[in-house]
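Student: Please take one helix of this model and examine it closely, then set it in the context of the chain around it.

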Amino acid sequence: MVEKEPFLDAMQNRILLFDGAMGTEIQRHDPKPEDFPNNQDGFNDGLVETHPEWIKQIHRNYLDAGADCIETNSFGSNKIKLDEYGFGDQTVEFNKKIATLASEVCAEYTDKPRYVIGSMGPTGYLPSSNDPDLGQKPLDEIREAFELQAEGLILGGVDALLIETSQDILEVKLVIEACHNAIAKTGKKVPIIANTTLDQYGKMLLGTNIQAAYTTVSDMGIDVFGLNCSTGPIEMTPSVRWLDEQNEHNVLVVPNAGMPENDGGQAVYKMTPEKMGEALGDFLNEYKKVRIIGGCCGTNPEHIKALRKVIDEKANSIEG
């Protein structure tokens, strides 16, 4: 078995490859309402209770495709979201179970180190806004919701915590604080990756640009700063360029398979694995601080295979 170096050391020594989308891979199993806990259709995180074999197989498919890191199926498992499904009082154990499942899958692979990344998606609220519904959730409640999630993920053995698909920079701050609280509580130091999600014009939902977002959280003890979701790699280019030139952290870039297109009321992502590999390969060649790449909405194991090829070709060219 290959010795597993710490996640941050691995990131310094080589480009790390994350996995691709989880939700669309779950849909390949054609789930019915009765497949989810209490017939709650769409409760994807709840499949850890009813169909853990599905989630394990999705993790394996991405690892077989060459991913170094898999994200836990916990995107919507903060306490606020779990309350909606009746699992809020089990937040810590629920996340621990999800992380343990992913850790068990990684342990099956002995060819090289594999890492479990604790996925922490948004609450759906916008604490920075004045919206009478979305902007009125108490900040302490949001922070606690993520602290319980982070605690469970850490206890389940994640190698890093990933704050992802973030639309409100104030919520990002709250999640970072929650992660530090959970780290202190568990006594286990875990790297923190803070992501923002920008539209095609380089803005978060409430208008925050990349410079403002990075400045807001850069001194909060994070280890990686990055971008994920919303757009394809092409639209991310100006923001990635700014991060490479101006920020002091390593950078993560996890785009969708292109911009979503409306096809009969469904969002469709049409960027091929080859085109996505080419685009992210350009990032790796041009922007030295980009140390993690992967795929978000619309990506599948074929996209990850293409990204694996790009990373390996780059490594071979350097060694040669």
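**A close look at helix α11**

Tutor: In this predicted model, the buried residues of α11 are Pro273, Met276, Gly277, Ala279, Leu280, Gly281, Phe283 and Leu284. In an α-helix there are 3.6 residues a turn, so residues three or four places apart point the same way. Among the buried residues of α11, Met276, Leu280 and Leu284 may be read together with that in mind, as may Pro273 and Gly277. The length of the helix can be checked as well. Helix α11 comprises 14 residues, 273-286, and at 1.5 Å a residue these should span 20 Å; the end C-alpha atoms are 20 Å apart, so the expected and computed values agree.

The wider setting comes from a record. An unreviewed UniProt entry carries the annotation "domain: Hcy-binding" for residues 4-311. That span is 44% helix and 13% strand, and its end C-alpha atoms lie 20 Å apart.

Two loop residues elsewhere in the chain deserve attention for their backbone. Most residues other than glycine have a negative phi. Asp30, however, has a positive phi, near 50°, and is placed in the loop between α2 (23-27) and α3 (47-50). Thr165 likewise has a positive phi, near 55°, and belongs to the loop between β4 (160-163) and α8 (169-186). As to accessibility, Asp30 has a relative accessible area of 49% and is therefore partly exposed, since exposed would require over 50%. Thr165, at 11% relative accessibility, counts as buried, because the cut-off for buried is under 20%.

Key. Residues numbered from 1 in each chain as written. Predicted model: local features only at pLDDT ≥ 70, side-chain atom pairs only at ≥ 80, totals over all residues. Heavy atoms only, no water. Helix = DSSP H or I, 4+ residues; strand = E, 2+ residues; numbered from the N terminus. Buried < 20%, exposed > 50% of the residue type's maximum accessible area, 1.4 Å probe, protein only. Expected span 1.5 Å × (residues − 1). UniProt positions renumbered as here; feature names shortened; annotations may be inferred.
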